[in-house]
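Me: Could you take a close look at the aromatic pairs in this model and walk me through them with some care?

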Amino acid sequence: MCGDARNWDEDAYRESILKEREIQTRTVFRTVWAPAQNPNPNPETIVAASSDGSIASYSISSCISKLQSFRNTKAQHLLVAEPDCFVQGHDGPAYDIKFYGDSEDALLLSCGDDGRIRGWRWKDFTNSDVPITLQGKQMKPVLDLVNPQHKGPWSALSPIPENNAIAVNIQGGSIFSASGDSCAYCWDVETGKLKVVFKGHSDYLHCLVARNSANQIITGSEDGTARIWDCKSGKCIQVIDPAENTKLKGFFSCVSCIALDGSESWLACSSGRCLSIWNLPASECISRTSTRASVQDVLFDDNQILAVGAEPLLCRFDINGAILSQIQCAPPSAFSVSLHPSGVTAVGGYGGLVDVISQFGSHLCTFR
């Protein structure tokens, strides 16, 4: 039986197909747990930065509740979650988000492909009375920083370099950014002024962490090295080469992600399919482990390491590089792993997927 095509709208059909493809190929580049609003130790709100430039917050309890109703039906559904709050943070992908502070007065910071660092008051997020469909550009940032452009021949200005990662030092009132022009920058939160430029890498930066106990930052670059910088002088005080012993075998890769433990004495460093652990006071590599796929994000859980990458697995290693567990996760390629103080883990990645995993390894909810 043929359908009636007299009212067929070819343009609307094409637009719906393109929209569906855009949603399916959307990537969550970073997830972060929001500061607790009450003494409840359970995770409640997670914030995601995505490839469409959006910054959105989601209620975990709401997602779990909706998922229970889906499980009662025979059909298999992937939960498409409605955000509690949403802003169009960047023109182009949003690559990283951090909280500056841990109370309702905290700033939610983001950076992206447009070379900007933007900050919103978290209480404005949680207390917004604007309908979700109108929130995209309604909420204005209270902080808006943009990377400097470099002068070339005849005073021509370079394009604004992207920001791939940010870190904060609340006590020092500073925001650090890892930029696409091979430099890291230190910004003053109060004045919005650029304080220090960290220059020494030969290629663009992928990642950075703040080592606040020593007033240092550590950066990872496409040039294959990680560097430790003094924040006061802006000078590089140590170069870490995770692949120095493997280059003779023709192996070379960028430093894609790094992480510090709670004591800021141990550094996890990913270089392609190699995960190395460094003792910073001794300036010594303690272990080097080969992985099946490239590691794209890493963090410490006490004296263990959580890692995700270009395969649908959340891997846990000990400090010596021995693998302790592997948990299947929803994103086919994961770019972010974040840990709540309760032990709940969130993994975000390709397909706009976020997988929330309990401290016992069970899947609490998966949503797009």
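Aromatic pairs

Reply: Both Phe198 and Trp229 are buried, and they make a suitable place to begin, with the reminder that this is a predicted model. The count of aromatic pairs comes to eight.

One of these is formed by Phe29 and Phe335, whose rings are 5.4 Å apart centre to centre with 70 degrees between their planes, an edge-to-face arrangement. This pair links distant parts of the chain, since Phe29 belongs to strand 1 (residues 28–33) while Phe335 belongs to strand 25 (residues 334–339), 306 residues apart. Phe29 has a relative accessibility of 17% and therefore counts as buried, the cut-off for that class being under 20%, whereas Phe335, at 25%, counts as partly exposed.

Returning to Phe198 and Trp229, the ring centres are 5.9 Å apart and the planes stand at 70 degrees, so this pair too is edge-to-face, because planes over 60 degrees apart are placed in that class. Phe198 lies in strand 12 (residues 194–199) and Trp229 in strand 15 (residues 226–230), so the pair ties together parts of the chain that are 31 residues apart in sequence.

Phe29 and Phe335 also belong, together with Tyr95, to one aromatic cluster.

Note on methods. Residues numbered from 1 in each chain as written. Predicted model: local features only at pLDDT ≥ 70, side-chain atom pairs only at ≥ 80, totals over all residues. Heavy atoms only, no water. Phe/Tyr/Trp six-rings, centres within 6.5 Å; stacked < 30°, edge-to-face > 60°. Helix = DSSP H or I, 4+ residues; strand = E, 2+ residues; numbered from the N terminus. Buried < 20%, exposed > 50% of the residue type's maximum accessible area, 1.4 Å probe, protein only.
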